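Hi,

Here is the structure I promised to send over. Have a look first, and my notes follow below.

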Amino acid sequence: MLGEKELIKLFPDFKELVQPSGIDLRLDEVFKQMGPASLIDNQKDLPELEKLEPPIYTLKPKTAYLATIDRKIKIPKGCSMLYLPRSTLLRSFVSVHTAVGDPGFYGTLQFMLYNYGEFDYTIKQGERIAQGVVFNVTGSGEYNGSYQEEEN
Ligand SMILES: O=c1ccn([C@H]2C[C@H](O)[C@@H](COP(=O)(O)OP(=O)(O)OP(=O)(O)O)O2)c(=O)[nH]1
């Protein structure tokens with residue numbers, strides 16, 4: 001796992017969010033699901049979404065939301081990332097569900113927020129919701145999948 005000094009070099013855009021062994025990730029936009037979705041023969045049909053009004057978001061009990069992370073991220077070739085929820089959210093019965101960040105990915109990270117609790121959870125845009133931890137990957141290729149965005 002990479003530490004602070006390496007992370008500052010590899011993720012200059014996230015400089016102020018670098019922690020001793022990871023990068024804090026801030027909540028940007030939140031969406032609710034407005035329609036069905038499917039995955040058949042690797043054909044992805046993503047659901048229609050509706051954006052919640054920022055900056056104060058109310059996550060209703062037993063409901064899932066899609067969240068975007070503030071600022072685009074470039075995962076350097078030779079590194080992979082895993083994303084873990086901030087424990088303050090878990091202590092409040094809310095979780096952040098995440099997948100793997102691939103070497104070479106550039107774009108906006110999207111996580112699923114789920115309020116497992118019995119009560120509303122209120123959270124403001126810009127709050128830290130997860131931490132990304134970074135690993136060296138020997139002999140990695142580079143992501144070029146459907147969520148890759150153009151770098152300027
Ligand atoms: O929780 C996560 C984890 C990763 N990513 C980003 C970085 C990752 O490199 C990219 C693609 O993730 P993954 O490979 O899991 O997606 P896929 O469904 O396999 O897409 P594709 O078929 O395009 O590879 O999405 C997220 O937005 N959210």
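One bit of vocabulary before the ligand: I count Ala, Val, Leu, Ile, Met, Phe, Trp, Tyr, Cys and Pro as nonpolar, Asp, Glu, Lys and Arg as charged, and the others, Gly among them, as polar. With that split, the residues of the shell around the ligand come out as 8 nonpolar, 5 polar and 1 charged. Of the 14 residues around the ligand, those that come nearest are Thr 98, Ala 99, Asp 102, Phe 105 and Gly 145. Strand 11 (100-101) and strand 13 each give at least two residues to that shell. Do keep in mind that this is a predicted model.

Now the overall picture. The protein chain has 2 helices and 15 strands. Its C-alpha atoms fill a box of roughly 45 × 40 × 25 Å along the principal axes. A compact globule of 152 residues would have a radius of gyration near 15 Å, and the 16 Å of the protein chain agrees with that. Buried residues make up 20% of the 152 residues. Among contacts with a separation of 6 or more, 70% are between residues 24 or more positions apart.

On to the strands. Strand 15 (residues 128-136) runs antiparallel to strand 2 (residues 22-33), joined by 4 bridges, and Asp 24 sits opposite Gln 131 of strand 15. Strand 15 also runs antiparallel to strand 9 (residues 79-85), this time with 7 bridges. In strand 15, Gly 132 is the residue opposite Tyr 83.

What about the core? The largest nonpolar core holds 25 residues, and the members touching the most others are Leu 25, Ala 67, Val 96, Phe 111, Leu 113, Ile 129 and Ala 130. Two or more residues each come from strand 2, strand 7 (63-69), strand 9, strand 10 (94-97), strand 13 (110-115) and strand 15. Strand 2 gives the largest share, 4 residues. Phe 111, leaving aside neighbours within four places in sequence, is in contact with Ala 67, Ile 69, Tyr 83, Val 96, His 97, Thr 98 and Ala 130.

One last residue: is Tyr 106 buried or partly exposed? Tyr 106 lies in strand 12 (residues 106-107). It has 15 other C-beta atoms within 10 Å, so it counts as partly exposed; buried would take 20 or more. Beyond its neighbours within four places in sequence, Tyr 106 is in contact with Lys 72, Lys 74, Gln 148, Glu 149 and Glu 151. The C-alpha atoms of Tyr 106 and Tyr 147 are 8.3 Å apart, with these positions 41 residues apart along the chain.

Cheers

Key
Residues numbered from 1 in each chain as written. Predicted model: local features only at pLDDT ≥ 70, side-chain atom pairs only at ≥ 80, totals over all residues. Pairing = 2+ DSSP bridges. Core = buried A, V, L, I, M, F, W, Y, C linked by C-beta atoms within 7 Å. Buried ≥ 20, exposed ≤ 12 C-beta atoms within 10 Å, placed from the backbone. Contact = placed C-beta atoms within 7 Å. Near = placed C-beta within 6 Å. Rg over C-alpha atoms; globule rule 2.2 N^0.38 Å.
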